[in-house]
Amino acid sequence: METDMTFEYAPAPESRAIVTIKPKYGHFIGGKFVPGSKHFPTINPATEEVLSQIALAGKADVDAAVKAARKAYTSTWSKMSGKERGKYLYRIARIMQERAREFAVLETLDNGKPIRESRDTDIPLAAAHFFYHAGWADKLEYAGLGTSPKPLGVAGQIIPWNFPLLMLAWKVAPALAAGNTVVLKPAESTPLTALLFAEVCQQAELPAGVVNIVTGDGSTGALIVNHPGIDKIAFTGSTEVGKIIARAVAPTKKSVTLELGGKAANIVFDDAPIDETVEGIVNGIFFNQGHVCCAGSRLLLQESVAEEVLHKLKNRMEKIRVGDPMDKNTDVGAINSKEQLAKIIELSAVGDAEGAERWSPACELPSKGFWFAPTIFTGVTQAHRIAREEIFGPVLSVLTFRTPQEAIEKANNTPFGLSAGIWSEKGSRTLWASQQLRAGVIWANTFNKFDPTSPFGGYKESGWGREGGRHGLAAYLKGVSHE
Amino acid sequence: MSFYGLVDGTEASLKSYLGNLSGVDQVGAEARAAMLATRSIKTTSKRWAIETAITMVDLTTLEGADTPGKVKALCTKAVRPDPTDSSVPSVGAVCVYNDMVEVARTHLDLIGGQHVPVAAVSTAFPSGRASMTVKIQDTKDAIAAGAAEIDMVIDRGAFLAGRYIDVFNEIVAIREVCGEKAHLKVIFETGELVTYDNVRKASFLAMAAGADFIKTSTGKVAPAATPPVVLVMLEAVRDFYEMTQVRIGVKPAGGIRTTKDAIKQLVLVNETVGPDWLNPKLFRIGASALLNDLLMQRMKLDDGYYTSPQYVTMD
């Protein structure tokens, strides 16, 4: 009895009926939605469909937002007990869970990431950050950050497009728990979940002005960074913009935390659990289309297992399902923007020109939207640009090493230092390597795992300060070392 | 016996062969299986999966209370799972105790089920606690009675004590008894081996010793065919194929009761070893209650609603 031996997964699209996208949005200032003057479109990068018109905040809008935040800080939020602040944070966390599907669908439409990831990673983690920090709100005196820790005031927060709601949660939850008020600007290409979050703030009856959301581009970001009424700047994004911000705030009293780029080494020793390592490599670089600052974009393979790992990695990559982000079976979705796609194409061409060998599995890419097939470059050395520069896309550079010492030297030979991965079944080797690596987050036999209790941040050009955990809390309190 | 040139039959060569296997990271294996469990199988692919899963069921009864009447009923169900719908395929095999093989074979032949093989559990199933003489005789009896498939259990005590060569030699001996007459499935009882490292080691040991299939469990110990255990076994048969160009089958058994469970297993197969294994020659599911859930889900696809269990036959 012969069966037809094909198991093609029929389309399994998530319904978008759960979200209502308005044709036009304003800013969220002082607890109310206020109309903007100029607008720009936000699109679905998987289809290029215009989803909505987004307001571009100018000086007057940013001034109004800062003023509302200051008023809320002085009159309400800084005077409220930690216990009461905690109640609001718990309420926000619960509403985010209740509306999780709505957030997930909206995130996928606006960002292009697979619904599986927004549903299973982004949204649950965002809610977890609010739950975690809600717990700290009335326990700040016991966090080991001084006997009477005080908030900084008004925080200006600028977040990237790769994890729109999650990055909002990383910024807003600790700021509010510590008693600050915020003016937040979501990324130009992914503002929709932040605007839905504004609705959640209303639903939670958060006092007006505690959270203000202004939308816009880099010019709006610059207005926030340079605003004299702001006490702290928290930025996640490129190292290039991070340097501009560092220069801008240097002569001011503003505190600053920067979470910038990376070029993480993912080191595979010869005693690694190979099948799980291959999964970890795939998760390290193809998770979220490689739009991850801590992505494992430099694979360092011990030469004795390099061939076996590469063979298995290529086989595994043949199974990656690239396509409609709204399909529940999609593993890799759309590149977030035309500009980012151009950058990935450009740096990949550099890889070709430098003599690295490019390989991608056979995969059909949709004709509309922005797409890039999962790609690996082998034969890469430290001297290649694709081993040094952040591509921020689904492109893996593969290097080899002979001894553990060489692996560490290569891993550390970078201006970045955000994350690293170690794959080995030998505990002593893992502990030794983790002590040698100059990176803020080190994963052992796993990659891209996040938890609100764990501080996240970089060495060198990967940033200043930490987010998450007790360390992240410190960045929103006065008189505490921010390192 | 050549053991694919992987071992020469000595303890030293077996130790070296097993010692070269890479470890399995528990957290990583479980995470991969959990991720694959999120695959959403709908409409046409669901229909294909249900149809395929029916052909893969080893319809099983392994009870002290089994009688010829019960076994005959099982055989009838195996040949025509849905008496009202002749388009439903027969299952992969019926699986019974040694003493019921002849009843099953005779009855299957009588009702037009010549194409359905009889599998016999063997070697002092389920515990494996008997002398080699008994285990060999057990297997010979089953084959003489008409079993075309032998589901033997390994000696878990020997395995956990590190006497891998004893486990190996037992499989080799039973393989010899089976010869060309019967397919050999080797049951690990993964719930007793506990670690994924052990499952991987047992898989490579059994494949080199001559198993045609590797099977998770007896159905008498929980946990049984959990998705990560099956994932580790599928990775082993995939790697073994690359080493030898020989395809070994996999049979999860125990705890797979619903269509959803079965489809998860097929997804594991599809994304680990690929479509070559998606047929009953290389993938079976040991189950009893599963078949009726597959039938009810199949009816739902046709009718658009779930039927009452009264519309499928109890055995």
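**View 1. Helix 12 of chain B is largely enclosed by the rest of the structure.** In this predicted model, 12 of the 14 residues of the helix are buried, so there is plenty wrapped around it. Here a residue counts as buried if 20 or more other C-beta atoms lie within 10 Å of its own. The buried ones include B:Thr259, then B:Ala262, B:Ile263 and B:Lys264, and on through to B:Asn270, B:Glu271 and B:Thr272. What does the covering? Part of the answer is helix 2 (26–36), helix 3 (43–56) and helix 11 (227–244) of chain B. Strand 8 (285–287) and helix 13 (290–303) of chain B also belong to the cover.

**View 2. Helix 12 of chain B, end to end.** Here's a quick check you can do yourself: at 1.5 Å a residue, the 14 residues of this helix (259–272) should span 20 Å. The end C-alpha atoms turn out to be 20 Å apart, which agrees. Now look just past the end of the helix, where B:Gly274 takes a positive phi of about 95°.

**View 3. An open sheet of 8 strands in chain B.** Read across the sheet and the strands come in the order 7-6-5-4-3-2-1-8, with parallel pairing. Which strands sit at the edges? Those are strand 7 (249–251) and strand 8 of chain B, each pairing on one side only. From one strand to the next, the twist averages 25°.

**View 4. Strand 1 meets strand 8 in chain B.** Zoom in on this pair and you'll find strand 1 (residues 57–60) joined to strand 8 in the parallel sense over 3 bridges. To spot a bridge, find B:Asp58: its partner in strand 8 of chain B is B:Gly286.

**View 5. Two helices of chain B and the strands they touch.** Helix 4 (residues 68–79) of chain B lies across strand 1 and strand 2 (93–97), running at about 165° to strand 2. Helix 8 (residues 164–178) of chain B packs on the sheet too, touching strand 4 (149–153) and strand 5 (183–187). The direction of helix 8 makes about 155° with that of strand 5 of chain B.

**View 6. Stepping over to chain A, with its 14 helices and 17 strands.** The C-alpha trace of this chain spans about 70 × 50 × 45 Å along its principal axes. With 483 residues, a compact globule would have a radius of gyration near 23 Å, and chain A has 22 Å, which agrees. Buried residues make up 57% of the chain.

Notes: Residues numbered from 1 in each chain as written. Chains lettered and ligands numbered in written order. Predicted model: local features only at pLDDT ≥ 70, side-chain atom pairs only at ≥ 80, totals over all residues. Helix = DSSP H or I, 4+ residues; strand = E, 2+ residues; numbered from the N terminus. Rg over C-alpha atoms; globule rule 2.2 N^0.38 Å. Expected span 1.5 Å × (residues − 1). Contact = placed C-beta atoms within 7 Å. Pairing = 2+ DSSP bridges. Axes fitted to C-alpha atoms, helices over the stretch in contact; angles between N-to-C directions.
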